[in-house]
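Trainee: I have a model open and would love a guided close look at one part of it. Could you walk me through that part and then connect it to the rest?

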Amino acid sequence: MPPLYTLKEAQHKIEQYCAYQERCHEEVVTKLRGMHLESQEIDQLIVHLIEQNFLNEARFACSFARGKHRIKHWGKIRITNELKMRNINNTLIALALKEISAEEYSETFNALAERNWQSITEKNALKKRKKFCDYMLRRGFESNLIYDKVKELEYGNADEAVFL
């Protein structure tokens with residue numbers, strides 16, 4: 001299939017695409033493939049985008065982690081998995097997770113946990129606990145935090161509770 005764009009047109013279009021919001025390499029390559037460009041043209045454009053600072057995976061990873069935590073209230077596990085799906089390396093993932101302060105993470109976790117616990121109308125304690133844990137695990141929070149929070153919410157004080 002012939003290319004939809006000349007190299008100059010594709011370059012202009014992909015620069016706008018990257019300027020709109022942070023992108024990872026994989027998103028950009030997928031977009032360029034959709035323009036039916038040849039792989040050497042794609043490589044050439046990727047190099048251009050990196051040199052002109054339109055494309056920066058470290059910046060993307062940090063922005064992604066901050067945004068998903070603050071806006072969607074995702075935990076570190078979910079953020080890590082999503083970044084891995086985008087082929088971001090482990091060094092950059094670790095750097096991105098440092099963008100979330102321990103107190104911000106704790107505040108988000110506690111607020112989300114308490115709001116969710118109050119919203120579950122289940123009368124059966126075991127079912128309520130399971131619904132709560134499943135929800136928090138889907139959000140990507142660590143299981144030890146979740147189980148400690150369940151004890152605290154069920155019994156008032158996590159130190160006195162024995163998790164069944």
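Which residues does UniProt list for "domain: RecX third three-helical" (unreviewed entry)?

Mentor: Happy to help, and please keep in mind that this is a predicted model. For "domain: RecX third three-helical", the unreviewed UniProt entry lists residues 103-148. Over residues 103-148 the chain is 80% helix and 0% strand, and the C-alpha atoms at the two ends are 17 Å apart.

Let's look at what meets that span. Lys149 is found in helix α9, which covers residues 143-155. You might expect to see a lysine out in the open, but Lys149 counts as buried because its relative accessible area is 3%, against a cut-off of under 20%. Leaving aside neighbours within four places in sequence, Lys149 is in contact with Phe109, Asn110, Ala113, Glu114 and Phe132.

His73 is another good place to stop. His73 is in the loop between α4 and α5, the latter being residues 76-85. With a relative accessible area of 26%, His73 is partly exposed. Its contacts, again without the neighbours within four places in sequence, are Lys68, Thr108, Leu112, Arg115, Arg139 and Phe141. There is a long-range pairing here too: His73 and Gly140 are 67 residues apart in sequence, yet their C-alpha atoms are 9.1 Å apart in space.

His73 also takes us to another annotation. The unreviewed UniProt entry has "domain: RecX second three-helical" covering residues 56-97. That span is 81% helix and 0% strand, and its end C-alpha atoms lie 16 Å apart.

Now let's follow the chain back towards its start. Two packed helices are described by the angle between their axes and the distance between the axes. For helix α1 (residues 7-20) and helix α2 (residues 25-34), the axes come within 11 Å and cross at roughly 145°. The crossing of α1 and α2 is right-handed. On the α1 side, the contact is made by Ile14, Tyr17 and Cys18, while α2 brings Glu27, Val28, Lys31 and Leu32. Sorted by type, the residues of this contact are five nonpolar, two charged and no polar.

Two loops deserve a check of their backbone angles. His36, in the loop between α2 and α3 (39-51), has a phi near 60°, a positive value in a residue other than glycine. His36 is partly exposed, at a relative accessible area of 30%. Asn53 has a positive phi as well, near 65°, and again this is a residue other than glycine. Asn53 lies in the loop between α3 and α4 (57-72) and is partly exposed, with a relative accessible area of 44%.

Last, the cysteines. A search of the whole structure finds zero disulfides. Cys24 is in no disulfide, and the nearest cysteine sulfur, that of Cys18, is 9.8 Å away. Cys24 is buried, with a relative accessible area of 1%. As for Cys62, its sulfur is 14 Å from the closest cysteine sulfur, in Cys24, so the two are too far apart for a bond. Cys62 is buried too, with a relative accessible area of 9%.

Note on methods
Residues are numbered from 1 along each chain as its sequence is written. This is a predicted model: local features need pLDDT of at least 70, side-chain atom pairs count only at pLDDT 80 or more; totals for chains, interfaces and linings use all residues. Side-chain values use heavy atoms; hydrogens and water are left out. Axes are lines fitted to C-alpha atoms, for helices over the stretch in contact, and angles run from 0 to 180 degrees between N-to-C directions. Helices (H or I, at least four residues) and strands (E, at least two) are DSSP runs, numbered from the N terminus. A crossing is left-handed if the near helix is turned anticlockwise from the far one by less than a right angle, and right-handed if clockwise. Contact means heavy atoms within 4.5 Å. Ala, Val, Leu, Ile, Met, Phe, Trp, Tyr, Cys and Pro count as nonpolar, Asp, Glu, Lys and Arg as charged, and the others, Gly among them, as polar. UniProt positions are given in the numbering used here, feature names are shortened, and annotations may be inferred rather than shown by experiment. Buried means under 20% relative accessible area, exposed over 50%, partly exposed in between (1.4 Å probe, protein chains only). A disulfide is a pair of cysteine sulfur atoms within 2.5 Å.
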